[in-house]
Amino acid sequence: MAAPREALERRPFGRRFLTDPARLFQHNAWDNVEWSEEQEASARSKVQENSSQLLPQDKQEEYEVNAKKYWDDFYKIHENGFFKDRHWLFTEFPELAPSRNPSQNRDFVHEFSNKEESNNEGLRSYENGHCSLETRAENQLNLIKTAPKICTEELATQKYSELNQSDGDYPGSSASYRVLEVGCGAGNTVFPILETNNDPGLFVYCCDFSTTAVDLVQNNAQYDSSRCFAFVHDLCNDQSPFPMPDESLDVVILIFVLSAILPEKMQCIVSRLSRLLKPGGMILLRDYGRYDLAQLRFKKGQCLSDNFYVRGDGTRVYFFTQDELDGLFTTAGLEKIQNLVDRRLQVNRGKQMTMYRVWIQCKYRKPAAPQL
């Protein structure tokens with residue numbers, strides 16, 4: 001439902017304070033918000049301004065070379081307390097729990113609007129490189145406490161090679177429905193799937209660039225090695241092995257992951273992931289859309305290239321258009337099932353501030369094998 005326009009002041013894009021707070025604060029969010037021409041022009045202007053000064057090439061190379069370190073530091077600091085569990089997944093992507101009653105999925109619509117990306121996805125307290133003294137002190141304490149187990153990719157490579165030589169004996173080889181989440185973080189997607197999908201044939205793989213993140217998943221009390229396999233993986237390294245063979249997966253999940261990768265490497269990654277899908281298998285994606293509030297909040301000097309930025313903590317983020325994502329998936333041989341923009345108006349009651357979020361949601365399917 002679109003936001004009631006009369007409840008908002010007519011101001012350029014950005015913070016919009018309420019002319020009738022009592023009326024608008026009855027809800028936290030509105031779906032499918034329409035943007036005015038003025039609002040879109042203002043957003044475009046902000047992006048032009050904050051991308052007018054690019055980081056020097058040597059700094060850009062530094063962020064690429066040290067990408068793993070920045071994500072490891074992120075998870076050492078925040079552990080599993082930054083992102084919320086994504087129970088809304090089953091409303092947006094019912095493929096993740098095919099036997100679930102549709103009426104149960106609707107129960108999570110309100111939770112998705114109120115709790116998910118509105119708080120954390122892309123709107124970090126130090127988005128522009130600033131954080132409070134209290135936050136810095138707490139982060140230092142967490143870094144001292146955190147002592148992740150060693151789980152290097154080199155060890156994983158050796159292990160997968162041995163498994164792949166065992167005539168199809170790999171983790172989850174006996175499963176009838178296999179799901180891979182790429183960029184699993186601390187498990188905020190994986191554990192809701194394991195909790196919600198009770199299919200005895202389900203097996204969930206999950207991987208992350210960050211050794212610290214994978215360690216958090218493996219040490220979670222909900223981690224069940226009979227239904228799940230977490231492993232370290234570098235998507236940008238095409239020699240980095242997967243523990244399952246090609247054409248073995250029913251679903252690949254990309255939730256706010258592709259946007260963290262160098263744009264020129266995205267096509268190779270999507271093509272490689274598509275080869276893991278069975279005929280009829282699907283890639284499910286949700287990621288940042290062009291002119292999302294997170295993009296508009298960046299300052300000059302944080303832009304790496306067109307619509308690609310570095311945050312204050314060294315992690316990076318890209319903001320997509322529908323056409324860009326469609327090109328990536330169709331070039332990889334997949335067919336479009338869904339490609340939509342989700343524009344939402346969210347209200348911060350305490351600060352009496354409104355926020356416009358823009359995400360893109362996609363479903364692309366591998367064509368079924370031709371009938372002989």
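This tour moves through a predicted model, starting at one helix and going on to aromatic rings and the charges placed over them.

Begin by selecting helix H12, residues 266-276, and show the rest of the chain around it; 8 of its 11 residues are buried, so the helix is largely enclosed by the rest of the structure. The buried residues, which you can colour one by one, are Met-266, Ile-269, Val-270, Ser-271, Arg-272, Leu-273, Ser-274 and Leu-276. To see what covers them, add strands E2 (177-182), E5 (249-255), E6 (277-288) and E9 (316-318), together with helix H14 (322-331), which are included among the covering elements.

Next, turn to the aromatic rings, where the count comes to 11 aromatic pairs. Select Tyr-318 and Phe-320, which form an edge-to-face pair with 5.0 Å from centre to centre and 65° between the planes. Tyr-318 is buried, with a relative accessible area of 8%, and Phe-320 also counts as buried, at 1% relative accessibility.

Then select Phe-329 and Tyr-364, a stacked pair whose centres are 4.7 Å apart and whose planes differ by 25°. This pair links distant parts of the chain, since Phe-329 belongs to helix H14 and Tyr-364 to strand E11 (residues 353-365), 35 residues apart. Both Phe-329 and Tyr-364 are buried.

Now display Phe-256, Tyr-288, Phe-298, Tyr-309 and Phe-319 together, and you will find a cluster linked by ring pairs.

Finish with two arginines: the charged end of Arg-286 sits over the ring of Trp-88, 5.4 Å from its centre, while Arg-343 lies over the face of Trp-35, at 5.4 Å from the ring centre.

Methods
Residues numbered from 1 in each chain as written. Predicted model: local features only at pLDDT ≥ 70, side-chain atom pairs only at ≥ 80, totals over all residues. Heavy atoms only, no water. Buried < 20%, exposed > 50% of the residue type's maximum accessible area, 1.4 Å probe, protein only. Helix = DSSP H or I, 4+ residues; strand = E, 2+ residues; numbered from the N terminus. Contact = heavy atoms within 4.5 Å. Phe/Tyr/Trp six-rings, centres within 6.5 Å; stacked < 30°, edge-to-face > 60°. Lys NZ or Arg CZ within 6 Å of the ring centre and 35° of its normal.
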